[in-house]
Amino acid sequence: MKGIQLDLISEDKLDGMTSMEKVRLILDEVRNGKILVLEKGLTPSEQNKLIELTMTEIAPDDFSGIEIESYPVKQNDNFLNKLFGKNTLKTRLTVIGPAAQLKTIKKDRDLISALVSTP
Amino acid sequence: MGIIKRLGLNFTWLKRIFKKKRARIGIYGPPNAGKTTLANRILRDWTGDAMGSVSNVPHETRRARRREGVTINSNGSAVTLDIIDTPGLATKIDFHDFMAFGMNEEESKRRAKEATEGVIEAVKWLDELDGIILVMDATEDPYTQVNVTVIGNMEARKLPLLIAANKIDLPNSSPARIHSAFPQHPLVPISALEGQNIDLLYREIAEHFG
Ligand SMILES: Nc1nc2c(ncn2[C@@H]2O[C@H](COP(=O)(O)OP(=O)(O)OP(=O)(O)O)[C@@H](O)[C@H]2O)c(=O)[nH]1
Ligand SMILES: [Mg+2]
């Protein structure tokens, strides 16, 4: 069967990786034409790294970048976290793919709708 | 929760006072949102000069530009800011898009290359700022990764962010849609091109970045 590979990466796997490992993994997989769904998204600083690395890899007629969609980060309402000044932001479900194959049709607060095409 | 957040804000504000440092405010947003149009208007109103060139071709700004010591007066209070106009943020750049505007292939490829460098520069500037004006095209879908990333960065750093819902002179603009997407941040509907609500924006700037 021909098609596009879809990888769903668990929160546990992501938690065990450093920021650079995550960003590298995402970009390698996406450059291989895969669509990734991350159970828990990237922190703002990881999003920055991913954007920077994506920009360095863009090349004419080879790679034009990524499409990435996630829900806005949520404030974590856990009282203790806040009391001790822990990061209170909670990242959320994220879909990432090659810009040439993944196109967001519609996105709102509760729904991400995307179109996937074969290369 | 509000209290902690407000405390965080106040500490950065206090630090700023003691260091006698001017607040550095970045103008951010996706390509074509109207960042440079807004920067030009602010500079024209308060300094008499301009920030940079404007174009309907995306990624017109490909180097960040800083203007130091811009004093804005509003409602009897004055704030002096360093204003940085940044290249539009994006996760993808395809040189074919520029060819569609009539540029030749070589020109388009060069623009794309410079645009990727500009995006990196804009991301790096995030570490150097005290606040952001996030410019969005109010005729477009606000739930984009660029907006989510910029807002997430400011929230993580507990820095003030002001949303400029731009292009309200266009009939299909909807600042309300932007507000419902990001209700936790102050928003001013403006037309950077025609000047609607710019006074309101200055008042918010004085309040949030002063
Ligand atoms: N109708 C309308 N058009 C606007 C407004 N502000 C900017 N524009 C137009 O939008 C286009 C992009 O404006 P720029 O100021 O270059 O946008 P930018 O965000 O700096 O874009 P980049 O530098 O490419 O990231 C130009 O054609 C402007 O004339 C506005 O308030 N209303
Ligand atoms: Mg510009």
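## Close-up views of a predicted two-chain model

**View 1. Strand β5 (residues 161-166) of chain B lies beside β6 of the same chain, and the two pair in the parallel sense over 3 bridges.** The model shown here and in the following views is a predicted one. Within this pair of strands, B:Ala164 has B:Val188 of β6(B) as its bridge partner. Both strands belong to an open sheet of 6 strands in chain B, which follows the order β2-β3-β1-β4-β5-β6 and has mixed pairing. Because β2 (65-74) and β6 (187-189) of chain B each have a single partner strand, they stand at the edges of this sheet, and one side of each is left without a neighbour in it. On average, and with direction ignored, neighbouring strands of this sheet are turned by 25° against each other.

**View 2. B:Ile190 sits in the loop that runs between β6 and α7 (198-209) of chain B.** Is this residue buried or exposed? B:Ile190 counts as buried, since its relative accessibility is 0% and the cut-off for a buried residue is under 20%. Leaving aside residues up to four places away in sequence, B:Ile190 touches a set of residues that includes B:Leu38, B:Ala164, B:Ala165, B:Asn166, B:Lys167 and B:Ile168. Among its other contacts are B:Gln196, B:Asn197, B:Ile198 and B:Leu201. B:Ala164, one of the residues touched by B:Ile190, is also the bridge partner of B:Val188 in the strand pair of the preceding view. B:Met99, by contrast, stands 91 residues from B:Ile190 along the chain, and the C-alpha atoms of these two residues are separated by 31 Å.

**View 3. In chain A, 4 strands form an open sheet in the order β1-β2-β6-β3, with mixed pairing.** The edges of this sheet are taken by β1 (6-9) and β3 (66-70) of chain A, each of which has a single partner strand, so that one side of each is left without a neighbour in the sheet. From one strand to the next, the twist averages 15°. The partner of β3(A) is strand β6 (residues 94-98) of chain A, to which it is joined by 5 bridges, the two strands running antiparallel. Along this pairing, A:Ile68 stands opposite A:Ile96 in β6(A). Taken as a whole, the secondary structure of chain A comes to 4 helices and 8 strands, and these elements run β-α-α-β-α-β-β-α-β-β-β-β from the N terminus on.

**View 4. A:Glu57 is part of helix α3 (residues 44-57) of chain A.** With a relative accessible area of 18%, A:Glu57 is buried, because the cut-off for this class is under 20%. When residues up to four places away in sequence are not counted, A:Glu57 touches A:Arg24, A:Leu27, A:Arg31 and A:Phe63. Of the 119 residues that make up chain A, 47% count as buried.

**View 5. Chain A and chain B meet in a contact that takes 27 residues from chain A and 30 residues from chain B.** The area buried between the two chains is about 2,700 Å², and carbon and sulfur atoms give 58% of it. On the side of chain A, the residues A:Ile51, A:Glu52 and A:Met55 supply 21% of the area that this chain buries against chain B, which is more than any other three residues. The count of salt bridges between chain A and chain B is 2. A:Glu67 forms a salt bridge with B:Lys92, and the closest N and O atoms of this pair are 2.7 Å apart.

Key
Residues are numbered from 1 along each chain as its sequence is written. Chains are lettered from A and ligands numbered from 1 in the order in which they are written. This is a predicted model: local features need pLDDT of at least 70, side-chain atom pairs count only at pLDDT 80 or more; totals for chains, interfaces and linings use all residues. Side-chain values use heavy atoms; hydrogens and water are left out. Two strands pair if DSSP finds at least two bridges between them. Axes are lines fitted to C-alpha atoms, for helices over the stretch in contact, and angles run from 0 to 180 degrees between N-to-C directions. Buried means under 20% relative accessible area, exposed over 50%, partly exposed in between (1.4 Å probe, protein chains only). Contact means heavy atoms within 4.5 Å. Buried area is the accessible area (1.4 Å probe) that two parts lose on being put together, summed over both. A salt bridge is a side-chain nitrogen of Lys or Arg within 4 Å of a carboxyl oxygen of Asp or Glu.
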